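Have a look at the model below and turn it around a few times. Then we'll walk through it together, one part after another.

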Amino acid sequence: MTYIAKPKLHHPKLPTNKLGFTHRDYEGAVSTLCAGCGHDSISAAIVQACFELDLPPHRIAKLSGIGCSSKTPTYFLGASHGFNSVHGRMPSVLTGANLANRDLIYLGVSGDGDSASIGLGQFAHSIRRGVNMVYIVENNGVYGLTKGQFSATADKGSKNKRGVMNTDSSIDMVSMALQFGASFVARSFSGDKDQLVPLLKAAIAHDGAAFLDVISPCVAFNNHLGSTKSFDFVREHNEAVNRLDFITTREPIRVDYQPGTVEVVTQHDGSVLRLRKVAADYDVHNRIAAMNYLQERGAAGEVVTGLLYLDAEAHDLHGYLNTVEKPFNELGEAELIPGSESLERFNQSLR
Amino acid sequence: MPKPIAAVNDFVVKFANVNGSGSASANQLFAKAILRMGVPVASRNIFPSNIQGLPTWFEVRISEAGHLGRRGGVDLMVAMNPQTWDQDVKSVEPGGYLFYDSTKPMPLARFRDDIQIIGMPLTEICNRQYTDARQRQLFKNIIYIGALSALLDMDMAAIETLIGEQFKGKDKLIQPNLQALHMGRDYALAHLSCPLGISVRRSDAVGDRIYLEGNSAAALGALYGGATVCAWYPITPSSSLAEAFARHCRRYRVDAATGRNRFAIIQAEDELASIGMVIGAAWNGARAFTATSGPGISLMQEFLGLAYFAEIPAVIFDVQRGGPSTGMPTRTQQADILSCAYASHGDTKHVLLFPEDPRECFEMGALAFDLADRLQTPIFVMLDLDIGMNEWLCEPLRWDEARRMDRGKVMTAADLEAGKEFGRYLDVDGDGIPYRTYPGTHPARGAFFTRGTTKNRHARYSEEGADYVDNMQRLLKKFDTAKTLVPKPVARPAKQPTGHGVLYFGSTTPAMHEALDALEAQGIHLDGLRLRGFPFGQEVLDFVASHEQVFVVEQNRDAQLRTLLLSEAGFDAAKLTPVLHYDGTPITERFISHAIAERLRALNVTPLRKTI
Ligand SMILES: Cc1ncc(C[n+]2csc(CCOP(=O)(O)OP(=O)(O)O)c2C)c(N)n1
Ligand code: SF4
Ligand SMILES: [Mg+2]
């Protein structure tokens with residue numbers, strides 16, 4: 001199995017964004033995932049979001065753990081540096097990378113096995129620290145790459161392909177992210193690009209720990225009757241609390257909505273989120289209410305999606321650590337090394 | 001009754017205390033006062049794995065000759081802990097001295113008749129003077145230091161100055177401490193026969209040397225080495241390294257204009273996360289390190305393999321200690337050699353550095369970052385508890401102003417723009433070291449995907465066997481390059497030609513050097529070679545080849561360095577004789593001399609008597 005580079009010849013009529021890039025400039029190598037795998041749709045959504053945001057691809061770093069989901073960074077943003085690390089440990093690698101250079105955009109891509117089982121600890125702590133990143137879990141309820149074992153997000157009572165029932169309680173990543181202090185929390189579905197792309201764009205624009213749980217059916221091992229992560233099940237039970245329009249600062253806001261049904265939120269970087277409310281009483285700024293809502297609707301068998309929580313005034317780890325503006329990887333001797341005179345004074349204090 | 005030991009500036013004092021009683025700073029005061037008198041000391045803490053209530057010892061070796069290793073044996077025991085009384089009394093050399101609190105009478109059977117007994121009613125004196133319980137306890141320590149100053153004929157001015165320095169800013173405390181000090185001294189002068197047969201005399205044998213802990217020195221080395229990211233998880237005996245880094249950073253790395261930090265220190269959730277952060281930061285072009293001990297090294301194994309295969313710089317300070325769990329772990333060992341040298345799954349080998357003292361902790365602490373960037377691989381700085389957590393007398397730290405960071409082979413935006421060929425795992429220079437780029441460097445060139453082993457020279461995904469083998473061979477070549485870059489061993493030739501040699505490293509060094517002198521005095525001559533790094537260079541091979549018998553002195557049970565020598569250099573096992581000390585206390589001169597002399601006797605080697 002070797003890498004297949006996509007031909008870079010552009011169709012002359014391909015639309016370009018403000019940087020002059022076409023959609024193709026945001027793509028990666030040809031995917032080697034199963035045809036129809038939800039993960040490929042998420043890759044496509046990432047490509048579209050980055051294209052539409054006019055991001056220079058090389059200013060994005062994409063990091064992942066291990067799994068089918070974690071393989072996907074090879075299949076998008078071919079001009080970005082990528083890091084396929086070890087199983088469940090993407091968050092620590094991303095945290096370190098972010099500390100070294102605060103100026104890049106960090107996409108962390110993970111799976112439900114990667115983040116809810118082996119990597120639950122790192123997931124939790126990276127969120128707690130408020131690392132400025134977009135943390136995407138491509139959630140299929142199974143271990144795809146190791147061929148279909150239950151993961152920790154599989155619902156209790158759901159069945160695997162051979163009909164065996166899962167008896168362990170499931171972990172709800174979104175509830176966890178809320179509990180751990182994520183300042184942007186959303187859930188979406190790989191089959192709903194219209195919902196997913198704006199959420200990705202808003203998450204990228206967010207300064208702080210943005211967490212996205214994307215239900216992403218595994219067609220090989222978890223798309224059957226009895227699964228709660230199948231295309232059919234999610235389509236039937238998907239309950240969006242809102243629909244999001246993401247507007248960059250450059251675009252004027254068109255007012256074409258009924259009063260009371262839309263909320264406009266401006267983030268730190270000036271980007272504007274226009275939330276069209278579906279659940280009229282849902283408040284995206286109330287962490288505790290969000291957790292309660294998720295518990296209630298989850299118990300009723302609904303898959304709640306949309307932008308679930310947002311703290312538009314969030315801070316990130318660099319803010320907490322009070323680090324300098326200049327990326328660490330650009331600091332030189334003069335900024336880092338105190339020199340021989342200081343050392344002599346240090347010596348003197350030890351005599 | 002043996003004659004009382006008589007010695008000036010050459011004896012061992014051991015304090016037996018209860019942990020948490022405030023004795024540590026008083027004992028440190030004692031050691032520092034002797035240094036201020038110009039007499040070298042080597043001091044070592046032996047402490048339990050708890051915060052309060054268990055026995056703790058502080059050993060001070062006073063040696064005008066400058067022997068800084070442990071000698072073995074105790075000449076004056078300051079027995080302040082009833083719990084350990086019997087073993088403390090037993091450890092005194094015949095003719096030695098026992099100083100104790102005589103407030104409560106002790107049955108005669110619990111003394112020895114071959115040592116000098118010096119009783120002083122410390123508790124009684126304290127209770128008379130102080131009403132507050134905490135004061136009684138704290139000042140008791142200062143009072144016995146006062147008494148010792150009289151018994152050992154020490155310079156009061158030196159102690160008084162130190163007390164002044166210690167409480168600078170808390171000036172209220174100076175007078176009461178001086179008062180307690182004098183109370184002890186006056187009592188001893190009036191009631192005890194002063195001085196003892198052992199005493200301290202002012203000298204000038206300390207020179208400009210400094211007295212500091214290896215952990216603090218290593219942390220400063222990291223700072224001078226340009227480290228900006230430190231991720232760590234608390235574990236004795238390495239925690240004080242990360243804490244020292246934080247202290248040094250607050251002093252030297254805060255931007256004066258903005259008050260913002262040119263460093264980031266993360267107390268991670270565990271050692272897996274610590275090393276993951278280090279790898280992420282280094283991948284992205286910052287200099288990053290972690291500090292840990294054996295159990296942490298165990299947890300980091302998977303990531304260390306990734307760093308080796310993906311060729312990412314990382315610096316790991318391993319402050320070694322005894323095995324798992326708690327207890328022995330607060331004792332010293334050199335027992336992580338193999339778990340670091342061969343850390344992780346798959347075919348891996350790593351670069352190790354072995355500092356001999358805090359000065360070298362500083363130097364190697366800084367050097368490690370240059371090596372990590374140059375070789376694009378993890379570098380382990382192998383301290384141990386003895387060096388890391390004890391203050392050692394060592395040469396002052398020095399920094400060459402002209403020195404620049406060696407960031408290794410990094411392609412810049414200009415290089416890429418100029419059209420230089422970039423392949424992440426291409427060996428363009430023939431030294432096995434490829435070029436890398438930092439993420440975000442160039443809009444169209446130089447981006448690559450980092451993964452473990454499954455790749456070709458251009459970092460593209462490949463499961464081809466040939467690509468794998470090609471890469472693994474290049475990694476071996478890189479390891480050969482490392483042999484030329486790690487610090488060279490230091491020879492200590494015998495005074496006359498000999499077929500016997502000894503290899504040693506790290507904190508063993510001062511005891512080893514003293515043992516070499518002692519053996520020489522017995523007519524046993526050995527060439528010494530102090531190893532400073534792994535992989536072993538040509539000098540090590542030549543040394544072993546040019547001797548019939550080589551001793552390998554280590555502080556672990558399994559002769560780990562010897563195993564490494566056998567497996568990496570293919571030496572004849574019979575030629576390398578292990579000398580192993582691993583009870584958790586630092587190795588002593590007496591242990592080494594005895595072990596080597598015994599082995600040689602068993603090998604029927606007749607010492608060449610010195611012709612007088
Ligand atoms: C330390 C370790 N243990 C086990 C594995 C094997 N492994 C590879 S992927 C995987 C599960 C991946 O599941 P998930 O994160 O849900 O990704 P998916 O394939 O479902 O997208 C496992 C257990 C591994 N790579 N490393
Ligand atoms: S096994 Fe499942 S998760 Fe993996 S590629 Fe196939 S469909 Fe996707
Ligand atoms: Mg999965």
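Around ligand 2, the shell is made up of 8 nonpolar residues and 3 polar ones, with no charged residue among them. Keep in mind that this is a predicted model. The residues in that shell are A:Leu33, A:Cys34, A:Cys37, A:His39, A:Cys68, A:Asn140, A:Gly144, A:Cys218, A:Val219, A:Ala220 and A:Phe221.

Pick out A:Asn140 from that list, because it leads straight on to the metal: A:Asn140 gives its OD1 to the magnesium ion (ligand 3). What else coordinates the magnesium ion? A:Asp112 does so through OD and A:Val142 through its O, at 2.1 Å. Read along the chain, the donors follow the spacing D-x27-N-x1-V. A:Asp112 sits in helix α4 (residues 112–117) of chain A and A:Val142 in strand β5 (residues 142–143) of chain A, so this pair, 30 residues apart, links distant parts of the chain. Are these two buried or exposed? A:Asp112 is buried, with a relative accessible area of 2%, and A:Val142 is buried too, at 5%.

Now move to strand β1 (residues 60–64) of chain A. Here 5 of the 5 residues are buried, so the strand is largely enclosed by the rest of the structure. A:Ile60, A:Lys62 and A:Ser64 point one way from β1(A), while A:Ala61 and A:Leu63 point the other way. Which strands does β1(A) pair with? One is strand β3 (residues 105–111) of chain A, in the parallel sense over 5 bridges, with A:Ile60 standing opposite A:Ile105. Another is strand β2 (residues 81–84) of chain A, which also runs parallel to β1(A) and is joined to it by 4 bridges; there, A:Ala61 stands opposite A:His81.

Further along, helix α6 (residues 173–180) of chain A has A:Met173, A:Val174, A:Ser175, A:Ala177 and A:Leu178 buried. Just after α6(A) comes A:Gly181, with a positive phi of about 100 degrees.

Finally, zoom out. Chain A comes to 12 helices and 13 strands. Its radius of gyration is 21 Å, close to the 20 Å that the globule rule gives for 351 residues, so chain A is as compact as a globular protein of that length. Along the principal axes, its C-alpha atoms fill a box of roughly 75 × 50 × 50 Å. Of the 351 residues, 56% count as buried. Among contacts between residues at least 6 apart in sequence, 70% join residues at least 24 apart.

Terms used
Residues numbered from 1 in each chain as written. Chains lettered and ligands numbered in written order. Predicted model: local features only at pLDDT ≥ 70, side-chain atom pairs only at ≥ 80, totals over all residues. Heavy atoms only, no water. Donors = N, O, S within 2.8 Å, 3.2 Å for Na, K, Ca; no water. Helix = DSSP H or I, 4+ residues; strand = E, 2+ residues; numbered from the N terminus. Buried < 20%, exposed > 50% of the residue type's maximum accessible area, 1.4 Å probe, protein only. Near = heavy atom within 4 Å. Nonpolar A, V, L, I, M, F, W, Y, C, P; charged D, E, K, R; others polar. Pairing = 2+ DSSP bridges. Rg over C-alpha atoms; globule rule 2.2 N^0.38 Å. Contact = heavy atoms within 4.5 Å.
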